[in-house]
Amino acid sequence: QVQLQESGPGLVKPSQTLSITCTVSGGSVTANDYYWTWIRQPPGKGLEWIGRISPSGNPSYSPSFKSRTSISRDTSKNHFTLQLSSVTPEDTARYYCVREYSRWGEFDYWGQGTQVSVSS
């Protein structure tokens, strides 16, 4: 059984960098056929795809976030990390890490999500 667990700061001040780590158990971030993805949901809004990292470690980003986003991984710890810089209150959201089956784009396993608020 694959499990994903986010760990994040809870509260971030405007203009700072948000950093959230997703620890994976029951699977490997280097496993073929799976992307490791970040998705968020602001209050009262729909899901937003932020980006993902491939089995070989190559990240890709939504154009909406590309200029201020970095996704990386640590294979020795089997985790991957989202960094979002220059945050504003509009970045307040619940952030999820998700496994995506690359062959048909199914999001098959989700973390429970971590709530991040941006406020001074």
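1. Start with Asp33, which sits in the loop between β3 (18–25) and β4. Strands here are DSSP runs of E at least two residues long, helices are runs of H or I of at least four, and both are numbered from the N terminus. Asp33 has a positive phi of about 80°, though it is not a glycine. As a rule, most residues other than glycine have a negative phi. With a relative accessible area of 26%, Asp33 is partly exposed; buried means under 20%, exposed over 50%, and partly exposed in between (1.4 Å probe, protein chains only).

2. Before you read on, bear in mind that this is a predicted model: local features need pLDDT of at least 70 and side-chain atom pairs count only at pLDDT 80 or more, while totals for chains, interfaces and linings use all residues. Residues are numbered from 1 along each chain as its sequence is written, and side-chain values use heavy atoms, with hydrogens and water left out.

3. Asn78 is another one to look at for its backbone. Its phi is near 55°, a positive value in a residue other than glycine. Asn78 is found in the loop between β7 (69–74) and β8. Is Asn78 buried or exposed? At 16% relative accessibility, Asn78 counts as buried.

4. Now the overall fold. The protein has 0 helices and 11 strands, so to speak a run of β-β-β-β-β-β-β-β-β-β-β when read along the sequence. Its radius of gyration is 13 Å, close to the 14 Å that the globule rule gives for 120 residues, so the protein is as compact as a globular protein of that length. That radius is taken over C-alpha atoms, and the globule rule is 2.2 Å times the number of residues to the power 0.38. Along the principal axes, the C-alpha atoms fill a box of roughly 40 × 25 × 25 Å.

5. Some whole-chain totals. Of the 120 residues, 40% count as buried. Among contacts (heavy atoms within 4.5 Å) with a separation of 6 or more, 53% are between residues 24 or more positions apart. The accessible surface comes to about 6,100 Å², and 45% of it belongs to carbon and sulfur atoms. Those areas come from the Shrake-Rupley method with a 1.4 Å probe.

6. On charge, the protein has 11 positive and 9 negative charges, and their mean positions are 5 Å apart. Lys and Arg count as positive and Asp and Glu as negative, with His and the chain ends not counted. Each charge is placed at NZ of Lys, CZ of Arg, CG of Asp or CD of Glu.

7. How many aromatic pairs are there? The count comes to 6, where rings of Phe, Tyr and Trp (its six-membered ring) pair if their centres lie within 6.5 Å; planes under 30 degrees apart count as stacked, over 60 as edge-to-face and the rest as tilted. Take Trp36 and Phe80: their ring centres are 5.9 Å apart and their planes at 55°, so the pair is tilted. This pair links distant parts of the chain, with Trp36 in strand β4 (residues 34–41) and Phe80 in strand β8 (residues 79–84), 44 residues apart. Both Trp36 and Phe80 are buried.

8. Next, Tyr96 and Trp110. Their ring centres are 5.6 Å apart with planes at 80°, so the pair is edge-to-face. Tyr96 is in strand β9 (residues 93–101) and Trp110 in strand β10 (residues 106–110), 14 residues apart. Tyr96 counts as buried at 15% relative accessibility, whereas Trp110, at 37%, counts as partly exposed. Separately, Tyr34, Tyr101 and Trp104 form one aromatic cluster.

9. Have a look at Arg52 in strand β5 (residues 48–53). Leaving aside neighbours within four places in sequence, Arg52 is in contact with eight named residues, including Trp36, Ile71 and Glu100. The C-alpha atoms of Arg52 and Cys97 are separated by 9.2 Å, with their positions 45 residues apart along the chain.10. Thr114 is in strand β11 (residues 114–118). With a relative accessible area of 12%, Thr114 is buried. Beyond its neighbours within four places in sequence, Thr114 is in contact with Glu6, Gly8, Ile20, Ala93, Arg94 and Tyr95.

11. Last, Pro43, in the loop between β4 and β5. Pro43 is exposed, with a relative accessible area of 59%. Leaving aside neighbours within four places in sequence, Pro43 is in contact with Thr92 and Ala93. The C-alpha atoms of Pro43 and Arg94, 51 residues apart along the chain, are separated by 7.9 Å.
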